[in-house]
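Ready for some practice at reading a protein structure? Grab a pencil and work through each exercise before you peek at its solution.

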Amino acid sequence: MNNVSDELLVLGWREWLGLPALGIDRIKAKVDTGARTSTLHAFAVEPFTGDGRAQVRFRMHPLQKNTDKIVVCTADVVDQRMVSDSGGHREKRWVISTPIEVGDCVWPAEVTLTSRDNMLFRMLLGRTAIAGRGIVNPELSFAQGRRLGKKQG
């Protein structure tokens with residue numbers, strides 16, 4: 001008998017991720033099965049057209065409790081959507097698609113952009129990004145370690 005969990009990445013309730021296309025080597029993320037879509041901290045979001053495509057340029061602080069380090073990111077826009085946060089507040093957010101590195105695996109995921117300055121985690125890894133790729137063990141933290149590899153998956 002084949003155990004499905006043997007084929008899926010085991011994730012803890014928080015993990016170190018990489019967002020290589022955005023120039024972010026490491027970001028601590030809360031793995032949040034209550035959130036449909038993944039969310040990334042962003043501010044000074046500027047939409048523009050580049051190479052005939054809708055894009056956004058934004059700034060972000062990749063480290064918790066640190067507003068000194070700023071990374072400037074650029075990404076293609078996938079959509080703009082109304083999103084409800086955990087408090088039930090609705091907000092229109094830009095949606096991008098970007099590769100996410102988790103452990104030694106890399107896969108594309110949709111990510112919404114919003115200010116998370118007042119939140120403990122700069123990123124939430126939502127259930128759509130995890131579905132079919134991983135399972136969450138809430139007893140674990142950093143189950144995929146603190147180092148990032150680059151296996152396509």
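Here are four exercises on this predicted model, each with a worked solution.

**Exercise 1.** Find out which polar partners the side chain of Glu 15 has, and whether Glu 15 has a salt bridge or not.

*Solution.*
- Step 1: Place the residue. Glu 15 sits in strand 2, which covers residues 14–19.
- Step 2: Look for an opposite charge. Glu 15 is buried and has no salt bridge, and the nearest side chain of opposite charge, Arg 14, is 8.6 Å away. A salt bridge needs the side-chain nitrogen and the carboxyl oxygen within 4 Å, so Arg 14 doesn't qualify.
- Step 3: Check the backbone. A polar atom of the Glu 15 side chain lies 2.6 Å from the backbone nitrogen of Gly 12. The Glu 15 side chain also reaches the backbone nitrogen of Ala 143, at 2.8 Å.
- Step 4: Look around. Setting aside neighbours within four places in sequence, the contacts of Glu 15 include Val 10, Ile 27, Phe 142 and Ala 143.

**Exercise 2.** Sort Arg 122 and its salt-bridge partner Asp 117 into buried, partly exposed or exposed.

*Solution.*
- Step 1: Note the pair. The side chains of Asp 117 and Arg 122 come together in a salt bridge, with 3.3 Å from N to O.
- Step 2: Apply the cut-offs. Buried means under 20% relative accessible area and exposed means over 50%.
- Step 3: Sort them. Arg 122 counts as buried because its relative accessibility is 2%. Asp 117 has 34%, so Asp 117 is partly exposed.

**Exercise 3.** Trace the salt bridges of Arg 57 and Arg 81.

*Solution.*
- Step 1: Start with Arg 57. Its side chain meets that of Glu 46 in a salt bridge, at 3.5 Å from N to O. This pair links distant parts of the chain: Arg 57 is in strand 6 and Glu 46 in strand 5, eleven residues apart.
- Step 2: Move to Arg 81. Its salt bridge with Asp 79 has its closest N and O atoms 3.0 Å apart.
- Step 3: Extend the chain of partners. Asp 79, Arg 81 and Glu 110 are linked in a network of salt bridges.
- Step 4: Put this in context. The model has six salt bridges.

**Exercise 4.** Which strand supplies the largest share of the lining of the largest pocket?

*Solution.*
- Step 1: Size up the pocket. The largest pocket has a volume of about 640 Å³.
- Step 2: Find its middle. Among its 27 lining residues, the closest to the centre are Ser 84, Asp 85, Ser 86, Arg 93 and Leu 124.
- Step 3: Pick the strand. Strand 7 gives the largest share, four residues.

Definitions and conventions: Residues numbered from 1 in each chain as written. Predicted model: local features only at pLDDT ≥ 70, side-chain atom pairs only at ≥ 80, totals over all residues. Heavy atoms only, no water. Helix = DSSP H or I, 4+ residues; strand = E, 2+ residues; numbered from the N terminus. Buried < 20%, exposed > 50% of the residue type's maximum accessible area, 1.4 Å probe, protein only. Lys, Arg positive; Asp, Glu negative; His and termini not counted. Polar contact = N/O pair within 3.5 Å; in protein donor to acceptor, adjacent residues only side chain to side chain. Contact = heavy atoms within 4.5 Å. 1 Å grid on protein atoms, 1.4 Å probe; cavity = no way out; pocket = protein on both sides within 12 Å on 5 of 7 lines; lining within 4 Å. Points joined across faces, edges and corners; volume = space filled by probe spheres on them.
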